[in-house]
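Got a fold to pick apart? Let's go through it in questions and answers.

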Amino acid sequence: MSTESPQTPAFSPAGSARLPPRWFIRSAWVVHRAIYNVTGGRLGLRPPSAKVWGMMRLHTIGRRSGAPRAAIVAYVEDGPNLVTMAMNGWGDPPPAWWLNLRTRPAASVDLPGERRNVVARDARGAERERLWEVFRSLEGGDDLDAHASRRSRETPLVVLEPAPAAR
């Protein structure tokens, strides 16, 4: 008789797919945005390192409202590209910013000390597998597969490429 529960995948080390309650995750987002806003952007963003993902502010245009939207998301660098996971605190629905980018791929990002114009696309195939391994190699990445298995769909990896220069 198996002792594994359906919520704990066999590949999850010691039930490591545990997440804080949704209210806690949402509260952390509110606090993070408040810190960013109160400090005028001096706190709340960070560059990635070999061990930890960075934090950037992503600016999109609402797909229905046409209004500017902003979200702070984790990212890694892949050459000139920035890569983030389109997940909603590991909740099942896709984040609004990803739905916005699928409608209007042109966006901008605030990084520590700079702003960049970017164009979004979904990583596919071997590129996606390679980038997923990058996220798995970071601190906390050993739980990545376990967390992703809680969702009903594959977690998109979003590649933000430098936008072509305006002519």
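Q: In what order do the strands of the closed barrel run?
A: This is a predicted model, where local features need pLDDT of at least 70, side-chain atom pairs count only at pLDDT 80 or more, and totals for chains, interfaces and linings use all residues. Residues are numbered from 1 along each chain as its sequence is written, and side-chain values use heavy atoms, with hydrogens and water left out. Strands here are DSSP runs of E with at least two residues, helices are runs of H or I with at least four, and both are numbered from the N terminus; two strands pair if DSSP finds at least two bridges between them. With antiparallel pairing, the 6 strands close up in the order E1-E2-E3-E6-E5-E4.

Q: By how many degrees are neighbouring strands of this sheet turned against each other on average?
A: Axes are lines fitted to C-alpha atoms (for helices over the stretch in contact), and angles run from 0 to 180 degrees between N-to-C directions. For the strand-to-strand average, direction is ignored, and the value is 45 degrees.

Q: Which strands does helix H2 touch, and what angle does its direction make with that of E1?
A: Contact means heavy atoms within 4.5 Å. Helix H2 (residues 96–103) packs on the sheet and touches E1, E2, E3, E4, E5 and E6. Its direction and that of E1 (54–61) make an angle of about 55 degrees.

Q: What angle does the direction of helix H3 make with that of E6?
A: Helix H3 spans residues 125–136 and also packs on the sheet, touching E2, E3, E5 and E6. Between the directions of H3 and E6, the angle is about 100 degrees.

Q: How many helices and strands are there, and in what order do the elements run?
A: The secondary structure of the chain comes to 4 helices and 6 strands. Read from the N terminus on, the order is α-β-β-β-α-β-β-α-α-β.

Q: In E6, what is the bridge partner of Val119?
A: Strands of a sheet pair through backbone hydrogen bonds, either parallel or antiparallel. E5 (residues 114–122) and E6 (residues 157–162) pair in the antiparallel sense over 5 bridges, one of which puts Val118 opposite Pro162. For Val119, the partner in E6 is Glu161.

Q: Which glycine sits in the turn between E4 and E5?
A: E4 and E5 run antiparallel and are joined by 6 bridges, with Ala106 and Val119 as one partnered pair. The two strands form a hairpin with 2 residues between them. The turn residue with a positive phi, about 85 degrees, is Gly113.

Q: How far apart are the closest N and O atoms of Arg121 and Glu161?
A: A salt bridge is a side-chain nitrogen of Lys or Arg within 4 Å of a carboxyl oxygen of Asp or Glu, and the structure holds 10 of them. Arg121 is in E5 and Glu161 in E6, so this pair ties together parts that are 40 residues apart in sequence. The closest N and O atoms of Arg121 and Glu161 are 2.7 Å apart.

Q: Is Arg128 buried or exposed?
A: Buried means under 20% relative accessible area, exposed over 50%, and partly exposed in between (1.4 Å probe, protein chains only). Arg128 has a salt bridge with Glu154 (3.3 Å, N to O). The partner Glu154, in the loop between H4 and E6, is exposed at 56%. Arg128 itself, at 11%, counts as buried.

Q: Which residues are joined with Arg121 into one salt-bridge network?
A: For contrast in topic, take a pair inside one helix: Glu133 and Arg136 meet in a salt bridge (2.9 Å, N to O), and both lie in H3, 3 residues apart, about one turn of the helix. Glu133 is partly exposed at 42%, and Arg136 is partly exposed at 33%. In the network, salt bridges that share partners join Arg121 with Glu127 and Glu161.

Q: How many Å separate the C-alpha atoms of Glu154 and Met87?
A: Along the chain, Glu154 and Met87 are 67 residues apart. Their C-alpha atoms are separated by 9.6 Å.

Q: What percentage of the chain's residues count as buried?
A: Among contacts between residues at least 6 apart in sequence, 65% join residues at least 24 apart. Of the 167 residues, the buried share is 38%.
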